[in-house]
Amino acid sequence: MAIFDLFSKRQKRLRGEIPDIYTYDNIPQNLRVQIVHIIRDCIGQRKEYHDDQAGQAYEFIYNTLCREYGLFQLIEDSYRETPFEQVLNFLLQTNNTEEVLDVIELTFKYIDKIIKPNYQKYSYNTNYKIKPDDAISELNERFKENGIGYSFTASEIIRIDSTYIHAEVAKPTISLLASRKFSGANEEYLKAHEHYRHGRNKECLTECLKAFESTMKIICKEKGWTFNQTDTAKKLIQVCFQNGLVPTFTQNQFTSLQNLLESGIPTIRNKLGGHGQGQTPQIVDDEMTRYGLNLTGTNIIFLVEQSQLK
């Protein structure tokens, strides 16, 4: 369903009331209601005399959340409520932002992974109003519209700090790693985003390095270049350059890039995230972590595009 640029929205923009800084610790009630509308319109409800696939969707989401939270029901004293009612009421009522994001992520993961691939059969059995891709697109637009720094990408909620960086680095990186041969690197890069969302900065940098190294190992393996599985990032970078991953006629232009690759991610991780802390615990701030996360994505994009293994 289209997002309308209402008169009140235009007036808010004119008054400078549209948020230009992302927030992360509160999902406002109006946004929760908008998301409920999206979910209901996409999952729909059962058509008469057909299988109740919409009901099965809500039951799966409800049972999964109850099991993971160690609960018998999401909302106390609500035995008479259906899974459909409990899931959406829980989304509207919980005071825990991470629980709100849990419901959103799990529900839209179901839409993306279960409903979308079986869309023809699903749409035949249910009264839906919007398609899965349109639902995901609207969710992300609603996040942006409300100044909430999250995006549903690659079937996961990830934190974003800059719309430009997300569009030009994070999403292209995840897209490039989506092929089966890069599945390991993709999993590690998504884990880095997950750690970053929860403020686990050292773990984020560690997964960044793993994703960076995995990408190079996959390229080396696919190209038949000699390397060891135990090689560090620095050795893998040398193998990539020695085998002409960067064309010879542009080699000099990429000298600075080689220095960046050798001293960027590995150095950040080695100095801040991957070794013993000694007597004084090391603190990795958000700015350094964000830099490492974005630098990882930029370097992965370059390496995969140069390897032509998309």
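Which residues have the most contacts inside the largest nonpolar core? In this predicted model, local features need pLDDT of at least 70 and side-chain atom pairs count only at pLDDT 80 or more, whereas totals for chains, interfaces and linings use all residues. Residues are numbered from 1 along each chain as its sequence is written, and side-chain values use heavy atoms, with hydrogens and water left out.

The largest nonpolar core (buried Ala, Val, Leu, Ile, Met, Phe, Trp, Tyr and Cys residues joined through side-chain atoms within 4.5 Å; buried means under 20% relative accessible area with a 1.4 Å probe, protein chains only) has 43 residues, and Ile 35, Ile 43, Ile 104, Phe 108 and Phe 143 have the most contacts inside it. At least two residues of this core come from each of helices H2 (29–43), H3 (53–69), H4 (83–93), H5 (97–115) and H7 (132–145) and strand E3 (150–153); helices (H or I, at least four residues) and strands (E, at least two) are DSSP runs numbered from the N terminus. H5 gives the most, with 9 residues. Beyond its neighbours within four places in sequence, Phe 108 is in contact (heavy atoms within 4.5 Å) with Ile 35, Ile 38, Ile 39, Ala 135, Ile 136, Leu 139 and Phe 152. A second, separate core of 38 residues includes Tyr 189, Leu 236, Leu 245 and Val 246.

H2 and H3 pack at about 135°, with axes 10 Å apart (lines fitted to C-alpha atoms over the stretch in contact; angles run from 0 to 180 degrees between N-to-C directions). H2 is therefore oblique to H3 (neither under 35, over 145, nor 65 to 115 degrees). Ile 39, Arg 40 and Ile 43 of H2 meet Ala 54, Ala 57, Tyr 58 and Ile 61 of H3.

How values were computed. Buried < 20%, exposed > 50% of the residue type's maximum accessible area, 1.4 Å probe, protein only.
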